[in-house]
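Biologist: Could you walk me through some features of this model, taking them one by one?

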Amino acid sequence: MNNIGFTFKSARTKNEGLAVDSDEKYKTNKEEVGHFSQEDLERCWLGMCTRMPQTLKGIASRMKNITPKISDYPVIEAVIDNQILLNQIDEIKPRIRKTLASDLHNGNIKINLRLAEAAEVKQIMSKRDVFESLKKDNESFSKLCKNLELDLT
């Protein structure tokens, strides 16, 4: 008599087993050892950030500003500029690792996340700062701006 029809109790007990995030879900194929370059890593990182679900939109946009580096092949290091973002990325680290492993065809990837030191944090430039920097560093661009009377407002 217990198995007749749909009940909320049976639905709840079925969903409880599905809600657990296990490591089995994020296993990679260790035998797959394709070689990848820094450019491949950066391309896959940006692609992963672009494909992240809508619920992770905020963290995805912040991750696009991070450039992961190959520190000791196949170890990938990502330098995070603040502790809050580091904690958020650390929560989804297994998912990131699985995505990069499948995209780069290398199941031996390891990801190290670390907090940036004060000297490593660079200020994000505004559009005006970028424009002024270009004018200062590039004589041709400066001349073009002067001749066309270009200025950012």
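Biologist: Let's start near a helix: where is E149 found?

Modeller: Keep in mind that this is a predicted model. E149 is found in the segment after α7 (139-148). Its phi is near 55 degrees, a positive value in a residue other than glycine.

Biologist: How should I read a positive phi?

Modeller: Most residues other than glycine have a negative phi. A positive one is therefore worth a second look. Here, H105 also has a phi near 55 degrees, and H105 lies in the loop between α5 and β3.

Biologist: Is E149 buried or exposed?

Modeller: Exposed means over 50% relative accessible area. E149 has 71% relative accessibility, so E149 counts as exposed. H105, with a relative accessible area of 45%, is partly exposed.

Biologist: And which peptide bond is cis?

Modeller: Generally, most peptide bonds are trans. In this model, the bond from Y73 to P74 is cis, with omega near 0 degrees. P74 sits in the loop between β1 and β2.

Biologist: What is the strand order in the open sheet?

Modeller: The order of its 3 strands is β1-β2-β3, with mixed pairing. β1 (69-72) and β3 (110-115) each have a single partner strand, so each stands at an edge with one side lacking a neighbour in the sheet. On average, neighbouring strands are turned by 40 degrees against each other, direction ignored. β1 pairs with β2 (residues 75-80) in the antiparallel sense over 3 bridges, and I70 stands opposite I76 in β2.

Biologist: Which strands does helix α2 touch?

Modeller: Helix α2 (residues 38-51) packs on the sheet and touches β1 and β2, its direction making about 130 degrees with that of β1. Helix α5 (residues 93-104) lies across β2 and β3, at about 135 degrees to β3.

Methods. Residues numbered from 1 in each chain as written. Predicted model: local features only at pLDDT ≥ 70, side-chain atom pairs only at ≥ 80, totals over all residues. Heavy atoms only, no water. Pairing = 2+ DSSP bridges. Helix = DSSP H or I, 4+ residues; strand = E, 2+ residues; numbered from the N terminus. Axes fitted to C-alpha atoms, helices over the stretch in contact; angles between N-to-C directions. Contact = heavy atoms within 4.5 Å. Buried < 20%, exposed > 50% of the residue type's maximum accessible area, 1.4 Å probe, protein only.
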